[in-house]
Amino acid sequence: MKLSRLLQGIQTESPWQDCEITKVTCDNRQVAAGALFVCIKGTKFDGHSVAGKALEAGAAAVVAERDLGLPHQILVPDTREAYAVLCGNYCGNPARSLKLIGITGTNGKTTITYLIKHVLEAAGKKVGLIGTIHNEIGGMDIPATHTTPDPAELHVLFSRMVAAGCEYVVMEVSSHALDQHRLGGCHFSVGVFTNLTQDHLDYHITMENYYQAKKRLFSMCDTAVINLDDEYGRRLAGEVGCKTLTFSTESDSADFTARNIVPSATGSRFALVGDSLIGRVSFCMPGRFSVSNAMAAGVACLAAGVAFEDVVSGLCTCTGVVGRTEVLPTGTEFTVIRDYAHSPDGLEKVISTVKEFASGRVITLFGCAGNRDRTKRPKMAEIVSRLSDFVILTSDNPRDEDPLQIIDDAKPGLLEHPTPYQILPDRYEAIEWALDFAQPNDILLLCGKGHEDYQVLGFGTIYFDEKEIVLRLLKEKRRPDDTD
């Protein structure tokens, strides 16, 4: 492909000579003859430092943010954004043939993407999905390495979705991806804002930075769908320049509201009301926050052109999302639920929801992630201790940190309330202990891992599927009785 075609839509600040380009890469290890190498500065490595070597390896040109004194350099204001646009141009901009729906916020992104996909498919649309659990093209699953992929991977996915006949793509949009301009050159038909609570401050440092990163999505979309129950959502609704549709489970001032909410252990019933529209929804996931997620998905589908009656019907036929308030089929007199909640707000929402229908004790097992924001650890522990009847503090993904240090960081939050607790750093041992401890009518809530089937430890990543572990441990415990 000609360099001139690749540079379309990119502001250049230096002269350049047109030539044939064989590939676009930001990985100096992937440079080959005729490649265009993009210098990106990361947290640990700066691609500018190897630009000269890339030219020596055969690169036809290098894209940089500063003058490196090299031949065949092309200067741009932001190499991350330029790289995203270059990847789109190189793939023929497949996203322009798709209707993109992006979901951003601290909590709810994965659930809402799956709900939107279900509603669209129930309405007869062909849909691609890009998210935390995996990517989907029709009936094909593709493993996901990031919530929002690298631009090169992203545009290849878009190309495959176009080839498969997809009309819509529903995707989770992370604050990291927005801050790093991974979506440069993309335009969204609909952007959804769920909420904003403390998370990822190890990266963003301040909540304002975090908010501004999320806000970028709404400079790239036609219609913003915004949760008016969230403080930052109310702020966002007053700041975005595109068309907005708001939703709420509490306020009649929103464009769409949920009324007559009836919670149960197996789901929620509510009326979805907007202007002259009213639809009665029987939804499979419990809790007010699940109603909020359902509304976000429903309003997003309305914004995307789906008829109101098809939206209501689609929400009613949804069967849930793996790892999100998922009741495991244990066959015991107590209930085991696994959920991905791993932030203070996520924990508060899921435990509060479980308490709405619990007839026995709520036993919450949780841990705090390593190499992440340390300030939220005692806050998470305080919330769990305040809302639960018994707490088991264990490990999540400790990564390179000492698991005992992570637990020590969280422990002061446990001590703010008289709730009894047990500390077991080994998560497998903690789950085994919890299954022995649970009594009839109790609810054992496993928080943090959700859909994940791995655990990241100091020496590497191990296979760790909590659903599989729970069912295996229970089977082993029953075995002696079976042989009597």
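How many aromatic pairs does a search of the whole structure find? The count is five. Keep in mind as you read that this is a predicted model.

**Rings that meet**

Let's start with one of those pairs. F390 and W433 have ring centres 5.8 Å apart and planes at 25°. Planes under 30 degrees apart count as stacked, so this pair gets that label. What makes it fun to look at is where the two partners come from: F390 sits in strand 19 (residues 390-393), while W433 belongs to helix 15 (residues 427-437). The two are 43 residues apart, and the pair links distant parts of the chain.

W433 has another ring partner, F437, and that pair is stacked too, with 4.8 Å from centre to centre and 20° between the planes. Here both residues lie in helix 15, four residues apart, which is about one turn of the helix. Put the pairs together and you get a cluster of F390, W433 and F437.

Are these rings buried or exposed? Residues under 20% relative accessible area count as buried. F390, at 10%, is therefore buried. W433 has a relative accessible area of 27%, so it is partly exposed, and F437 is partly exposed as well, at 22%.

There is also a ring with a charge for company: the charged end of K449 sits over the ring of Y454, 5.1 Å from the ring centre.

**The sheet around strand 19**

Strand 19, the one that holds F390, is part of an open sheet of six strands with mixed pairing. If you trace the sheet across, the order is 16-17-21-18-19-20. Which strands stand at the edges? They are strand 16 (326-327) and strand 20 (421-423), and each has a single partner strand, so one side of each is left without a neighbour in the sheet. Strands of a sheet pair through backbone hydrogen bonds, either parallel or antiparallel. Strand 19 and strand 20 go for the parallel sense, over three bridges, and you can find V391 opposite Y421 of strand 20.

**A strand tucked inside**

Now move to strand 9 (residues 168-172). Five of its five residues are buried, so the strand is largely enclosed by the rest of the structure. Y168, V170 and E172 point one way, V169 and M171 point the other way, and all are buried.

Which strands pair with strand 9? Strand 5 does so in the parallel sense over five bridges. Strand 6 (residues 127-130) also runs parallel to strand 9, joined by four bridges. M171 is a handy residue to click on here: G102 stands opposite M171, and M171 is the bridge partner of I130 too.

L272, in strand 14 (residues 267-274), is another residue tucked away, since 0% relative accessibility makes it buried. Its C-alpha atom is 7.5 Å from that of M295, although 23 residues separate L272 and M295 along the chain.

**A pocket to explore**

Rolling a probe the size of a water molecule over the atoms shows where empty space is left. The second largest pocket holds about 190 Å³ of space. It is lined by 20 residues, and A95, R96, G185, C186 and H187 are the closest to its centre. Helix 3 (79-90), strand 5 (99-104) and strand 10 (188-193) each supply at least two residues of the lining. Helix 3 gives the most, with four residues. By type, the lining divides into seven nonpolar, ten polar and three charged residues.

**Two asparagines with a twist**

Most residues other than glycine have a negative phi, and most peptide bonds are trans. N371 has a positive phi although it is not a glycine, and the description fits N441 as well. Here they are side by side:

| Residue | Phi | Loop location | Relative accessibility |
|---|---|---|---|
| N371 | about 55° | between strand 18 (362-366) and helix 13 (376-387) | 33% |
| N441 | about 75° | between helix 15 and strand 21 (443-447) | 47% |

N371 counts as partly exposed, and so does N441. The loop of N441 also takes you back to where we began: it follows up on helix 15, the helix that holds W433 and F437.

Key: Residues are numbered from 1 along each chain as its sequence is written. This is a predicted model: local features need pLDDT of at least 70, side-chain atom pairs count only at pLDDT 80 or more; totals for chains, interfaces and linings use all residues. Side-chain values use heavy atoms; hydrogens and water are left out. Rings of Phe, Tyr and Trp (its six-membered ring) pair if their centres lie within 6.5 Å; planes under 30 degrees apart count as stacked, over 60 as edge-to-face and the rest as tilted. Buried means under 20% relative accessible area, exposed over 50%, partly exposed in between (1.4 Å probe, protein chains only). A charge sits over a ring if NZ of Lys or CZ of Arg is within 6 Å of the ring centre and within 35 degrees of the ring normal. On a 1 Å grid over the protein atoms alone, a cavity is a set of points where a 1.4 Å probe fits but cannot get out, and a pocket is an open set with protein on both sides within 12 Å along at least five of seven lines; lining residues have an atom within 4 Å of a point. Grid points are joined across faces, edges and corners, and a volume is the space filled by probe spheres set on the points. Ala, Val, Leu, Ile, Met, Phe, Trp, Tyr, Cys and Pro count as nonpolar, Asp, Glu, Lys and Arg as charged, and the others, Gly among them, as polar. Two strands pair if DSSP finds at least two bridges between them.
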